[in-house]
Amino acid sequence: MFKQLVLSQNLEKIRSLWQSKVNDSRSKSAVKLSIITQFYPPDYAATGQLIEELASQLGDLGMEVQVFTGQPGYAFQKASAPPIERSEKIQVRRSRTAQLWPRRIRGKLINGILFCLRSGVHLLKTPARGDVLLITTAPPFLPTLGYLANLFFRIPYVCLLYDLYPDIALELKAIKHQNILVKIWNLINTCIWKRAKKIIVLSPAMKERIAVNCPEVLDKIAVIHSWANPENIKPIDKQLNWFAHEYNLVNYFTVLYSGNMGRCHDMDTILKAAARLRDRPIKFVFIGNGAKREACIETVTDLGLKNCLFLPYQEKQDLPYSLTACDLSIVSISPGMEGLVAPSKLYGILAAGRPVAVICEPHSYLCQLVAEAECGAAFNNGDSQDLAEFILHLSQYPEIADRMGNAGRSYLKANFTPEIIAKQYLELLS
């Protein structure tokens with residue numbers, strides 16, 4: 001009788017523990033998440049594509065996701081997308097988007113403000129605002145909405161910081177330190193960060209920057225990297241790659257820069273390396289757009305470089321081919337930008353199984369990541385000679401390039417897949 005009683009008690013404890021875990025799992029999956037971001041596919045902006053993949057992964061993990069975004073502003077031949085899209089776990093609602101001088105800072109500022117106003121109206125009109133708001137920095141002042149939503153509706157919010165403003169504007173000398181707007185913006189940031197439930201940043205250096213400006217929020221900051229899907233982007237031999245054949249890259253050692261050629265990216269070091277290698281069977285391919293693209297083309301023309309090719313952004317379905325139509329890829333950050341931006345292009349390069357050359361400051365987290373993954377090499381800004389020698393070395397010893405590429409892909413699969421990163425988001429948002 002005593003044994004039966006003990007057994008019964010043990011079974012009850014097991015049932016209770018199991019039920020507790022089930023309830024805990026359900027409570028996490030029952031969270032309704034609202035994401036507000038200016039860019040979302042069919043826009044080709046990397047931030048939007050990452051949010052789409054994150055929403056999909058969180059939906060697969062049981063979370064209900066609502067996305068409020070704008071109509072395409074940077075899409076391929078698509079001026080509009082459905083105002084509302086629904087799937088089993090995801091709903092996307094799109095507002096109108098202004099496109100006033102989209103390539104200029106002034107135009108981007110106005111367009112961003114208009115999107116913020118529309119997002120605010122959306123929050124006021126929508127009774128089902130979700131249990132948690134995930135607010136991105138696209139545009140940079142969007143997190144202000146999270147603060148106001150929490151103030152008026154008591155909705156908890158999480159800030160996802162792609163980049164840090166006004167710090168970037170200061171580094172680019174678009175605004176001066178003495179400007180009263182800088183002090184106001186920093187004050188607003190402090191208020192937003194203190195009231196946020198969590199702050200997600202993309203690199204350890206970003207965490208350090210915020211902690212210096214606002215040490216009170218250090219415990220709230222979580223570093224969650226970007227990612228790439230190794231099932232979608234796989235190594236493809238150039239001989240079997242239609243993209244490499246279409247642009248005559250098969251018989252050249254090809255160096256690829258794919259992504260935004262913006263003010264935060266060091267393009268000069270790459271172009272100077274191309275000039276040093278102008279007489280070698282090495283081709284430099286630049287895919288994308290940005291504020292520096294036209295200046296890069298002018299430099300190539302002025303120097304008479306025949307080893308450079310400029311292509312527009314590629315459709316998402318073509319990325320597995322464009323990213324693997326090279327033998328080496330480059331990631332670059334301008335001096336002073338460490339901790340202010342984090343290049344998402346790195347993860348697609350790792351998935352493609354190609355070695356990477358990183359141009360950055362010596363203290364950058366990218367140096368540590370590349371060294372740990374053994375997937376390439378890092379170079380100081382302006383060090384075009386060492387970069388050129390590295391490119392030449394890999395072109396002469398392709399087995400070294402292959403080894404680095406394979407190591408990078410293995411590192412990505414162990415650390416930065418959509419499944420791994422989505423679970424980190426789920427844990428934090430729950």
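In this predicted model, Cys159 is buried, with a relative accessibility of 0%. Cys264 likewise counts as buried, at a relative accessible area of 12%. A disulfide is a covalent bond between the sulfur atoms of two cysteines. The number of disulfides found in the structure is zero, the criterion being a pair of cysteine sulfur atoms within 2.5 Å.

The chain comprises 430 residues, of which 52% count as buried. Its secondary structure consists of 16 helices and 14 strands. Among contacts with a sequence separation of 6 or more, 72% are made by residues 24 or more positions apart. The accessible surface amounts to about 21000 Å², and carbon and sulfur atoms contribute 54% of this area.

Aromatic pairing was examined next. In total, 10 aromatic pairs were counted. One of them is formed by Phe286 and Phe310, whose rings are stacked, with a centre-to-centre distance of 4.8 Å and an angle of 15° between the planes. Phe286 belongs to strand β10 (residues 282–287) and Phe310 to strand β11 (residues 308–311), so this pair ties together parts of the chain that are 24 residues apart in sequence. Phe286 is buried, with a relative accessible area of 1%. Phe310 also counts as buried, at 17% relative accessibility, because the cut-off for a buried residue is under 20%.

The pair made by Tyr347 and Phe416 is edge-to-face, because the planes of the two rings stand at 85°, with the ring centres 5.2 Å apart. Tyr347 is located in helix α12 (residues 345–351), whereas Phe416 is located in the loop between α15 (398–415) and α16 (418–429); the pair therefore ties together parts that are 69 residues apart in sequence. Both partners are buried: the relative accessible area is 2% for Tyr347, and the relative accessibility of Phe416 is 6%.

Ring pairs also link Trp242, Phe243, Tyr247 and Tyr321 into a cluster. Tyr321 of this cluster is in addition one of the contacts of Asn241. Asn241 lies in the loop between β8 (221–223) and α8 (242–246). With a relative accessible area of 0%, Asn241 is buried. The side chain of Asn241 makes a polar contact of 3.0 Å with the side chain of Thr324. When neighbours within four places in sequence are set aside, the residues in contact with Asn241 are Ile236, Tyr321, Thr324 and Ala325.

Positively charged side chains were found over tyrosine rings at two sites, described here in turn. Arg195 lies over the face of Tyr147, at a distance of 5.5 Å from the ring centre. The charged end of Lys283 sits over the ring of Tyr252, and the distance to the ring centre is 4.9 Å. Lys283 falls within the residue range 282–287 of strand β10, the strand that also holds Phe286 of the stacked pair.

The backbone was then considered. Most residues other than glycine have a negative phi, and most peptide bonds are trans. A cis peptide bond is present between Ala138 and Pro139, with omega at about 5°. Pro139 is placed in the loop between β5 (132–136) and α4 (143–153). The peptide bond from Tyr165 to Pro166 is cis as well, and its omega is near 10°. Pro166 is placed in the loop between β6 (157–161) and α5 (167–171). Cys159, described above as buried, falls within the residue range 157–161 of strand β6.

Positive phi values occur at Lys173 and Asn248. For Lys173, which is not a glycine, phi is about 60°. Lys173 lies in the loop between α5 and α6 (180–195). Its side of the comparison with solvent is clear from the relative accessibility of 72%, by which Lys173 counts as exposed. For Asn248, also a residue other than glycine, phi is near 55°. Asn248 is found in the loop between α8 and β9 (253–258). The relative accessible area of Asn248 is 46%, and the residue is partly exposed.

Notes:
Residues numbered from 1 in each chain as written. Predicted model: local features only at pLDDT ≥ 70, side-chain atom pairs only at ≥ 80, totals over all residues. Heavy atoms only, no water. Helix = DSSP H or I, 4+ residues; strand = E, 2+ residues; numbered from the N terminus. Buried < 20%, exposed > 50% of the residue type's maximum accessible area, 1.4 Å probe, protein only. Contact = heavy atoms within 4.5 Å. Areas by Shrake-Rupley, 256 points an atom, 1.4 Å probe, with all protein chains shown as cover. Polar contact = N/O pair within 3.5 Å; in protein donor to acceptor, adjacent residues only side chain to side chain. Phe/Tyr/Trp six-rings, centres within 6.5 Å; stacked < 30°, edge-to-face > 60°. Lys NZ or Arg CZ within 6 Å of the ring centre and 35° of its normal.
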